[in-house]
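Below is a set of questions and answers for a first-year student. Please look at the sequence and the structure before reading on.

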Amino acid sequence: MHALFAEIEAYHHFYLPVTGGHTLYVEEAGNPKGQPALFLHGGPGGGISANHRRLFDPAHYRIILFDQRGAGKSRPHASLENNTTWDLVTDIESIRTHLNIEQWLVFGGSWGSTLSLAYAQKHPLRVTHLILRGIFLCRPEEIEWFYQSGTRWIFPEFWAEFMQPVPPEKQGAMVQTYYELLTSPNEPLRLQAAKAWSKWEGATCKLIPDPQVMDHFEEAAHALAMARIECHYFVNHCWLEPNQLLRDAFKIAHIPTWIIHGRYDVVCPAQNAYELAQALPQAKLEMIADAGHAYDEPGILNALIEATEQSKLPL
């Protein structure tokens, strides 16, 4: 079984101004002359962590990570203005050209898989490999499953907490009501809603709920960015046309692709990965039998690192 590589520090980090008044936090780790690999975090709004650097062999890869608009150390924090899927796709290209990279491996999980697909379909000649985990295609039925009528049947006690900020008469439209709460001028109300929204994801993302993960998801700064940006994206269907990512999968059929998904993922159900694999018949689908949604569950982590190992190109 593969485990995370040893802890490493970023050898370079910087802030990159982009369009719409945003500034991105970007870092590089590993081998400065290595094979470029871009890590795209989840959420949207989740931000990067030091452990994300450890998914790649630092002797081989030039590892590029960044906090997407409004997330992590990027500024302004938790901002919804000029924050769309296509702004992020443009940001990725801005980072690539700034770093003078011709092509790179793109690795994304959860929302990161969505963004990876959107970017690769827009810029297919810039991507050497795709490593995708916990597939999210941002279709209405996926949002309905997690935030309204599906996962609640599996985690009723956490669902009860998720419902608490929402008046009973509005509980039939959870995402829209949360959007109203998360954009309210009432700061304490925004924070209460953000913590409840974020905790719901933290509570359900692993096969066995982890209190430490839930605590992290309830931290104020993380919760505000995650909840506000996720809800903003979801009420706007992530600025994607209906079924766009599957419809346009043919554009990336030439790219070696790994699709890694937990069988018991209740955040992004396994059907998503299956349908993506059907649209990309050359892709390698690995359904991890004993895992949920989180990247660091042992079976998923093993498959992800094996994919990065198999994606190595000669230096």
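Two strands pair if DSSP finds at least two bridges between them. Helices (H or I, at least four residues) and strands (E, at least two) are DSSP runs, numbered from the N terminus. This is a predicted model, in which local features need pLDDT of at least 70 and side-chain atom pairs count only at pLDDT 80 or more, while totals for chains, interfaces and linings use all residues. Residues are numbered from 1 along each chain as its sequence is written, and side-chain values use heavy atoms, with hydrogens and water left out.

Q: In what order do the eight strands of the open sheet lie?
A: The pairing in this sheet is mixed. Its edge strands are β1 (12–17) and β8, each of which pairs on one side only. Read across the sheet, the order is β1-β2-β4-β3-β5-β6-β7-β8.

Q: In which sense do strand β2 and β4 run, parallel or antiparallel?
A: Strands of a sheet pair through backbone hydrogen bonds, either parallel or antiparallel. Six bridges join β2 (residues 23–30) to β4, and tyrosine 25 has aspartate 67 in β4 as its bridge partner. The sense of β2 and β4 is antiparallel.

Q: Which residue in β4 is the bridge partner of glutamine 35?
A: Strand β3 and strand β4 (residues 61–67) pair over five bridges in the parallel sense. On the β4 side, the partner of glutamine 35 is tyrosine 61.

Q: Which residue in β5 stands opposite alanine 37?
A: Strand β5 (residues 104–109) runs parallel to β3, and four bridges join the two. Opposite alanine 37 in β5 stands leucine 105.

Q: Why is strand β3 largely enclosed by the rest of the structure?
A: Buried means under 20% relative accessible area, exposed over 50%, and partly exposed in between (1.4 Å probe, protein chains only). In a regular strand the side chains alternate between the two faces of the sheet. Here Gln35, Ala37 and Phe39 point one way and Pro36, Leu38 and Leu40 the other way, and all are buried. Strand β3 (residues 35–40) is largely enclosed because its buried residues number six of the six.

Q: How many residues of strand β7 are buried?
A: On one side of β7 (residues 257–262) lie Thr257, Ile259 and His261, and on the other Trp258, Ile260 and Gly262, all of them buried. The strand is mostly covered, and its buried residues number six of six.

Q: Which residue in β8 is the bridge partner of isoleucine 260?
A: Isoleucine 260 in β7 is also the bridge partner of arginine 133. Strand β8 (residues 284–288) runs parallel to β7, joined by five bridges. In β8, the partner of isoleucine 260 is glutamate 286.

Q: What is the hand of the crossover from β7 through helix α10 to β8?
A: A crossover is right-handed if, with the strands pointing away from the viewer, the path from the first strand over the helix to the second runs clockwise. The chain passes from β7 through α10 (residues 270–279) to β8. This β-α-β crossover is right-handed.

Q: How are α4 and α6 oriented to each other?
A: Axes are lines fitted to C-alpha atoms, for helices over the stretch in contact, and angles run from 0 to 180 degrees between N-to-C directions. The axes of α4 (residues 156–163) and α6 (residues 187–204) come within 9 Å and cross at roughly 165°. Angles under 35 degrees count as roughly parallel, over 145 as roughly antiparallel, 65 to 115 as roughly perpendicular and the rest as oblique. The two helices are therefore roughly antiparallel.

Q: Is arginine 96 buried or exposed?
A: Arginine 96 lies in helix α1. Contact means heavy atoms within 4.5 Å, and arginine 96 touches Ile101, Glu102, Trp104, Tyr119 and Arg126, not counting residues up to four places away in sequence. Its relative accessible area is 5%, so arginine 96 is buried.

Q: Is asparagine 100 buried or exposed?
A: Asparagine 100 sits in the loop between α1 and β5. It has a positive phi of about 60° although it is not a glycine. With a relative accessibility of 71%, asparagine 100 is exposed.

Q: Which residue does a cis peptide bond join to glycine 43?
A: The omega of this bond is about 0°. The partner is found in the loop between β3 and β4, and its name is proline 44.
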